Amino acid sequence: MKRQFLFLLALLNTLFIYSQNPYVVTTSSPSNPENEEEYFTETHFPLLTLCQWEPGMRFMFIPDSKDRFKPLLTSAETGRDIDNDKFKYKILEFKGTEEVEKETYVSTNYHTRFLFVCEEQELYHEVKNQRLNDICTHNPKYSLNGLIYLSDVDKARDLLPGKALYTQSPQVRKDDTNNHSGYREVALPLHSRVTVTNVGVGSKDYPVKIIFEDDKGESYYMEVALSRTNSGMDIADFTADKKFNYFPNAFTFNDPNAKASQALKSKYTGLVLYPRSSLEVSPNSIESKESHTLLKYTPLTIEDIENVSDSPSNAILKLKDTNGNIYYKKVDLKYDIFVKNNDYIEDLFGFGDLRKKHPSITEENWALISQGEIRPGMSMEECRLALGSPIQIRQKRDSRFETWFYQGQTVEFENGTILRSEGKLF
């Protein structure tokens, strides 16, 4: 006991000197979290490395299957290893550390013991050939097998039950006694709204087992890390199949679909646009069996936009024309170069007010242009809007005259206005 006290005293003295040295500087802490979930985790579940453990910390002893035949605890009274099953699912209270010297023929070896008490029995876990300071300096992620940090579980039990969360993992679990692993993985739609119903003990690396229900009353769970105390993992280690075992990666407090919807509304609502060609739309609602054809260049305003659940890139536009009529159109907001989707929004619509861009065009001419028709007296600008760009342009010797060639149609201009057209009657 005296050796244990002196060792702790020396460690505390080292930390005090370290904190008082003006040449030893650090960045401000805690770091700025990127989102609400990280803030929640950093605020309520601070990481405690082995060197930061304090007497009174509580752990549940659940050894992994790989440690089934490897005793993890030793009796302080007898010095004998204890079968892991004897203390399985029991609570161990941390009492401190002590350093043990063992003389050999060559030198002196130092071992570090982590001391615990369980049901009035004194126990220890020994790390051979390493002093505590060496562990802290050279292996800060070192962890003790079989010990689940209960403070994370207790705090989660206080903070999470009844709380609404949104899943970010494509796979969740259900307990299953007919499976050798004790569970089975099931798919759950991404960003499902769930409610936490209970919190219990998970595993050493992922000590918090969060049980939740979806809107149909189905119950599922996920095991996650929060403070990462005794997990042996940095945040950067939660990648690949481990990614969703870290709480900020597994859940979000806010509906991601609502965030995406709000971002879409901010980007598109109120924009003025027009169909690039005649376009079939739905009046009244997107489910309407009726259809309506909008002529090319019909002035429209986006009144609203909503996400479509079957694809994150699909959306439904609520459109209003200058007479106040409402139409709906499903569009794809992302162009797929492989599928070459024909409902890509920028293929269907041009953005901006064409009438402001071409103020000299009369409404009478707009009526013709929107139907792909021209007439004598129209300008080159109006011809291009009505028929598109010509296949070929031929200049005459007399610079007043010019001929535009289209598929099956030619248009002759004099001084920049249509003189006549062949191949299609006016």
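The following exchange examines strands, helices, salt bridges and surface features of a predicted model.

Student: In what order do the seven strands of the open sheet stand, and which two are at the edges?

Tutor: The pairing in this open sheet is antiparallel, and the order is S3-S2-S6-S5-S4-S1-S7. Two strands have a single partner strand each, so one side of each is left without a neighbour in the sheet. These edge strands are S3 (81-82) and S7.

Student: Which residue is the bridge partner of Leu73 in S3?

Tutor: Strand S2 (residues 73-75) runs antiparallel to S3, and two bridges join them. Within this pair, the partner of Leu73 is Ile82.

Student: Do the buried residues of helix H4 line one face or opposite faces, and what arc do they span?

Tutor: In H4 (residues 150-159), the buried residues are Leu150, Asp152, Val153 and Ala156. Viewed down the helix axis, they fall within a limited arc, so they line one face of H4; that arc is 155 degrees.

Student: Which strands are among the elements that cover the buried residues of H4?

Tutor: An α-helix has 3.6 residues a turn, so residues three or four places apart point the same way. The cover over the buried residues of H4 includes strands from separate stretches of the chain, among them S1 (58-61), S4 (91-103), S7 (147-149), S11 (193-201) and S12 (208-213).

Student: What arc do the buried residues of helix H10 cover?

Tutor: The buried residues of H10 (residues 380-387) are Glu382, Cys383, Leu385 and Ala386. They are on the same side of H10, because the arc they cover around the axis is only 165 degrees.

Student: Which elements are included in the cover of the buried residues of H10, and which residue follows this helix with a positive phi?

Tutor: The cover includes helix H9 (363-369) together with S23, S24 and S25. After H10 comes a residue whose phi is positive, near 90 degrees: Gly388.

Student: How many residues of strand S24 are buried, and over how many bridges does S24 pair with S23 and with S25?

Tutor: S24 (residues 409-414) is mostly covered, with five of its six residues buried. Its pairing with S23 (residues 401-406) is antiparallel, and its pairing with S25 (residues 417-422) is antiparallel as well. The bridges number six with S23 and five with S25.

Student: Which residues stand opposite Glu412 in the two neighbouring strands, and which of them forms a salt bridge with Glu412?

Tutor: Glu412 stands opposite Thr403, and in S25 it stands opposite Arg420. Glu412 counts as buried because its relative accessibility is 16%, whereas Arg420, at 40%, counts as partly exposed. The side chain of Glu412 meets its salt-bridge partner at 3.0 Å, N to O, and that partner is Arg420.

Student: Which residues have a positive phi in the hairpins that S24 forms with S23 and S25?

Tutor: The hairpin of S23 and S24 has two residues between the strands, and a glycine in its turn has a positive phi of about 80 degrees. The hairpin of S24 and S25 also has two residues between its strands, and here the positive phi is near 55 degrees, in a residue other than glycine. The residues are Gly408 and Asn415.

Student: Is Asn230 buried or exposed, and what is its relative accessibility?

Tutor: Asn230 has a positive phi of about 65 degrees although it is not a glycine. Its place is in the loop between strand S13 (219-224) and helix H5 (247-250). Asn230 counts as buried because its relative accessibility is 5%.

Student: Which residue forms a salt bridge with Lys174, and how far apart in sequence are the parts that this pair ties together?

Tutor: The side chains of Lys174 and Glu218 meet at 3.4 Å, N to O. Lys174 lies in strand S9 and Glu218 in the loop between S12 and S13, so the pair ties together parts of the chain that are 44 residues apart in sequence. Lys174 is buried, at 16% relative accessibility, and its partner is partly exposed, at 39%: Glu218.

Student: Is Ile337 buried or exposed, and what is its relative accessibility?

Tutor: Ile337 is placed in the loop between strand S20 (326-332) and helix H7 (345-348). With Tyr335, Phe338 and Val339, it makes a nonpolar surface patch of about 490 Å². Exposed means over 50% relative accessible area; Ile337 therefore counts as exposed, at 56%.

How values were computed. Residues numbered from 1 in each chain as written. Predicted model: local features only at pLDDT ≥ 70, side-chain atom pairs only at ≥ 80, totals over all residues. Heavy atoms only, no water. Patch = residues over 30% accessible without salt bridge, like charges linked within 9 Å, V, L, I, M, F, W, Y side chains within 5 Å. Areas by Shrake-Rupley, 256 points an atom, 1.4 Å probe, with all protein chains shown as cover. Salt bridge = Lys/Arg side-chain N within 4 Å of Asp/Glu carboxyl O. Helix = DSSP H or I, 4+ residues; strand = E, 2+ residues; numbered from the N terminus. Buried < 20%, exposed > 50% of the residue type's maximum accessible area, 1.4 Å probe, protein only. Arc of directions from axis to C-beta. Contact = heavy atoms within 4.5 Å. Pairing = 2+ DSSP bridges.
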